[in-house]
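User: Could you take a close look at one part of this model and then work outward from there? I would like a connected account rather than a list.

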Amino acid sequence: MADIWPIGVFTSIDAGFGVHLEVVSELKIPSIHVHTPHGNMRTEEQAKAFLARCSDAGVTVTCVFCGFEGESYADIETTARTVGLVPESTRQERVLDARKTAEFARYLGCDTLGMHIGFVPEDRNSESYRDLLAVTQALLDELAENGQKMHLETGQETANHLLQFFNDVGRDNLFINFDPANMILYGTGDPIEALKMVGPHVRSVHCKDAVWAPEDQRGKSWGREVALGQGDVNIQKYLETLKEIGYKGPLTIERELSEDRVQQKKDVGQAVELLESTRAEIWGESA
Ligand code: MG
């Protein structure tokens, strides 16, 4: 792998929007984030089989993302109601599920768990916020005992609110997976400004692009996810800012086009080219 900014891609085994491992292998991508498979697939045996395929393809797993039954990204309101640890009626069962995903990550030899925690409640004095805090702290303490950490995905709240939540949680194994496109899709703020604000906490990133919803619709209706380089993120500026904040880890491409695998593969291939050429431009021979 390149020492600085090795290329990665968001991958799925049997669940989630990611590309399949065959595509990773064909495009010779050296690292992946992987969406957790369904419950019955999270065995040590399945992990070993997947790891063997990764090893054959020369691929390293750098983050395992949680995903929960009943989540829907149909629209912003449904996402707020169904995603992550925030919905109270499913909070406890999902914490148990996240533990199972952490165990699966350990079978894969991966020390990093990724998560969309959900729309963190605005009111920091509310019971829901305080309970979310306690549940998150307990999960992080358990992960720490196993040498693991958690990266929260950005986008469902503003950078400011996310920072407040971080401070309130107060655990040193909590970090950020920065996704610039999500800031646009959810209408939660300019991605470059947000990246500068949360920079010290960023330990992994998604390279994904999107166009804003019309101004009067932002935060109410989705922006639109598009191929990398064709949206409003400004990938050149994004990578320059990642250099500024001192980030040297993987650039993990995410393309949520699971209903059109042919186009998804094409877009990921083009994203690899864009990232490699921009990396060479920014770092010269040192990458
Ligand atoms: Mg993402």
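Analyst: Two residues are said to be in contact when heavy atoms of theirs lie within 4.5 Å. In this predicted model, Ile235, Gln236, Leu239, Glu240 and Lys243 of helix α9 meet Leu274, Leu275, Thr278, Glu281, Ile282 and Trp283 of helix α10 in that sense. The residues of this contact between α9 and α10 divide into six nonpolar, two polar and three charged.

As for the geometry behind that contact, the axes of α9 (residues 235–244) and α10 (residues 261–283) come within 10 Å and cross at roughly 50°, and α9 is therefore oblique to α10. The crossing in which α9 passes α10 is right-handed.

A second helix pair can be described in the same terms. The axes of helix α5 (residues 127–145) and helix α6 (residues 159–169) come within 10 Å and cross at roughly 60°, so that α5 and α6 are likewise oblique to each other, and their crossing is right-handed. On the α5 side the contact is made by Tyr129, Leu132, Leu133, Thr136, Gln137 and Leu140, and on the α6 side by His161, Gln164, Phe165, Asp168 and Val169. The residues of the contact of α5 with α6 divide into six nonpolar, four polar and one charged.

From the helices we can turn to the metal site. The magnesium ion is coordinated by Glu153 through OE, Asp179 through OD, His206 through ND1 and Glu254 through OE, at 2.0 to 2.2 Å, and along the chain these donors follow the spacing E-x25-D-x26-H-x47-E. Glu153 lies in strand β5 (residues 149–153) and His206 in strand β7 (residues 202–207), so this pair of donors ties together parts that are 53 residues apart in sequence. Both Glu153 and His206 are buried.

Strand β7, which holds His206, also contains Ser204. Ser204 counts as buried because its relative accessibility is 5%, where the cut-off for a buried residue is under 20%. Leaving aside residues up to four places away in sequence, Ser204 touches His33, His151, Ile176, Asn177, Phe178 and Tyr247. Of these, His151 falls within the span of strand β5, residues 149–153.

Notes
Residues are numbered from 1 along each chain as its sequence is written. This is a predicted model: local features need pLDDT of at least 70, side-chain atom pairs count only at pLDDT 80 or more; totals for chains, interfaces and linings use all residues. Side-chain values use heavy atoms; hydrogens and water are left out. Donors are N, O and S atoms within 2.8 Å of the metal (3.2 Å for Na, K and Ca); water is not among the atoms, so sites may look incomplete. Helices (H or I, at least four residues) and strands (E, at least two) are DSSP runs, numbered from the N terminus. Buried means under 20% relative accessible area, exposed over 50%, partly exposed in between (1.4 Å probe, protein chains only). Axes are lines fitted to C-alpha atoms, for helices over the stretch in contact, and angles run from 0 to 180 degrees between N-to-C directions. Angles under 35 degrees count as roughly parallel, over 145 as roughly antiparallel, 65 to 115 as roughly perpendicular and the rest as oblique. A crossing is left-handed if the near helix is turned anticlockwise from the far one by less than a right angle, and right-handed if clockwise. Ala, Val, Leu, Ile, Met, Phe, Trp, Tyr, Cys and Pro count as nonpolar, Asp, Glu, Lys and Arg as charged, and the others, Gly among them, as polar.
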